[in-house]
Amino acid sequence: MKKIVVLTGAGISAESGIKTFRDSDGLWEEYRIEDVATFDAWLKNRNLVLDFYNQRRKQLLECSPNAAHYALAALEKKYDVQIITQNIDDLHEKAGSTKILHLHGELKKARSTVDDNLIYDIEGWELKKGERCEKGSQLRPHVVWFGEAVPNIVPASQLSSKADIYLVIGTSLNVYPAAGLLNYVPANVPKYLIDPNGVAVAGTRNLTIIKEKAGKGVTELVEKLLND
Ligand code: NAD
C-alpha cells in the first residue's frame with residue numbers, strides 16, 4: 001500500500017467555521033499572540049489564557065468536519081494515510097481518519113504543569129483555575145505555545161521522509177518547525193499543495209499547486225488518487 005502523508009493547517013478547518021490565524025478575519029486580528037499563546041502570558045494572565053482556550057473549545061463543540069476532512073478519511077480505502085496536523089481541533093478524528101499526529105497539541109486535552117506525561121481529557125468546554133493534576137499542579141491547555149518546543153516534530157519529519165505522495169493543505173507555512181517538514185520529503189515524491197491563497201514554497205520539486213479551498217480542492221484530488 002502506498003503511503004500518503006498529509007500536512008494540514010488551520011485552512012482545512014476554515015469551512016467548518018473555525019477561524020484561521022492569519023487570514024484577514026483571523027484570530028490574531030482579535031488577540032495578540034503574546035497575550036494568549038505564550039508561556040509568559042500563562043504566568044502573567046492565567047485567566048485570559050484559560051478563557052481564550054475555553055472559548056475556542058466551546059466553539060469547537062459546535063463544529064463538524066467538512067468535505068475535506070471526510071475525503072482524507074475516505075482515502076484510507078486505498079492508501080496508508082498518515083495525517084500530520086498543526087491544528088488543535090479534533091475534526092480529523094471526527095471525520096474518521098485513523099492515523100493522526102498532532103504537532104501543536106489538542107484543544108480538548110489538559111496537561112499537568114509539573115509532568116508533561118500527565119494528559120487528561122477535558123469534559124465539556126471549560127478548564128478552570130484550580131483544576132489540578134494528580135501531583136497537585138494547575139492544569140494548562142495541552143497545546144504548544146509560541147516559543148515552546150514541538151516534541152512531535154521528530155516523528156513528523158521521519159514520517160515525511162517516508163512518503164510516496166505528500167499533500168499540504170491550508171497552511172501558510174509560516175510557523176516553524178512545521179513549515180520545514182516539506183524539506184524532509186524526497187525530491188522525486190509527488191507533492192500537492194491546496195490553498196486558495198499564495199504560499200511561498202520556492203525550490204520544492206514535483207509540486208502541484210491547487211489554488212482552491214480545501215472542501216473542493218481536496219475532494220477532487222482524493223477522487224483522482226482513488227482512481228489512479
Ligand atoms: P495560518 O492561519 O497561518 O494559515 C492558514 C492558511 O489556510 C492560509 O494559507 C490560508 O490561505 C489558508 N486557507 C484559508 N481558508 C482556506 C480554505 N477554505 N481551504 C484551504 N486553505 C484555506 O495557519 P497555519 O499555517 O495552520 O499555522 C498557524 C497555527 O495556527 C498552527 O500552529 C495551528 O495550530 C494554529 N491554528 C489552529 C486552528 C485549528 O485547530 N483549527 C485554528 C487556527 C490556528
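## Pockets of the predicted model

Strands β4 (105–112) and β6 (139–143) each contribute at least two residues to the lining of the second largest pocket. The structure described here is a predicted model.

This second largest pocket encloses about 280 Å³ of space. Its lining comprises 16 residues, of which Arg111, His142, Val144, Pro151 and Asn152 are the closest to the pocket centre. At least three lining residues of the second largest pocket come from each of two domains, domain 1 (1–16 + 64–104 + 150–228) and domain 2 (19–62 + 106–143).

The largest pocket has a volume of about 1,100 Å³. Of its 50 lining residues, Gly9, Ala10, Thr20, Phe21 and Asn87 are the closest to the centre. Among the elements that form this lining, helix α3 (residues 46–61) gives the most, with 4 residues. The largest pocket lies between domain 1 (1–16 + 64–104 + 150–228) and domain 2 (19–62 + 106–143), because both domains give residues to its lining.

The composition of each lining by residue class is set out below.

| Pocket | Nonpolar | Polar | Charged |
|---|---|---|---|
| Largest pocket | 24 residues | 15 residues | 11 residues |
| Second largest pocket | 6 residues | 5 residues | 5 residues |

In summary, domain 1 and domain 2 both supply residues to the lining of the largest pocket, and each of these domains also supplies at least three residues to the lining of the second largest pocket.

Methods
Residues are numbered from 1 along each chain as its sequence is written. This is a predicted model: local features need pLDDT of at least 70, side-chain atom pairs count only at pLDDT 80 or more; totals for chains, interfaces and linings use all residues. Side-chain values use heavy atoms; hydrogens and water are left out. On a 1 Å grid over the protein atoms alone, a cavity is a set of points where a 1.4 Å probe fits but cannot get out, and a pocket is an open set with protein on both sides within 12 Å along at least five of seven lines; lining residues have an atom within 4 Å of a point. Grid points are joined across faces, edges and corners, and a volume is the space filled by probe spheres set on the points. Ala, Val, Leu, Ile, Met, Phe, Trp, Tyr, Cys and Pro count as nonpolar, Asp, Glu, Lys and Arg as charged, and the others, Gly among them, as polar. Domain bounds come from an automatic or database domain assignment.
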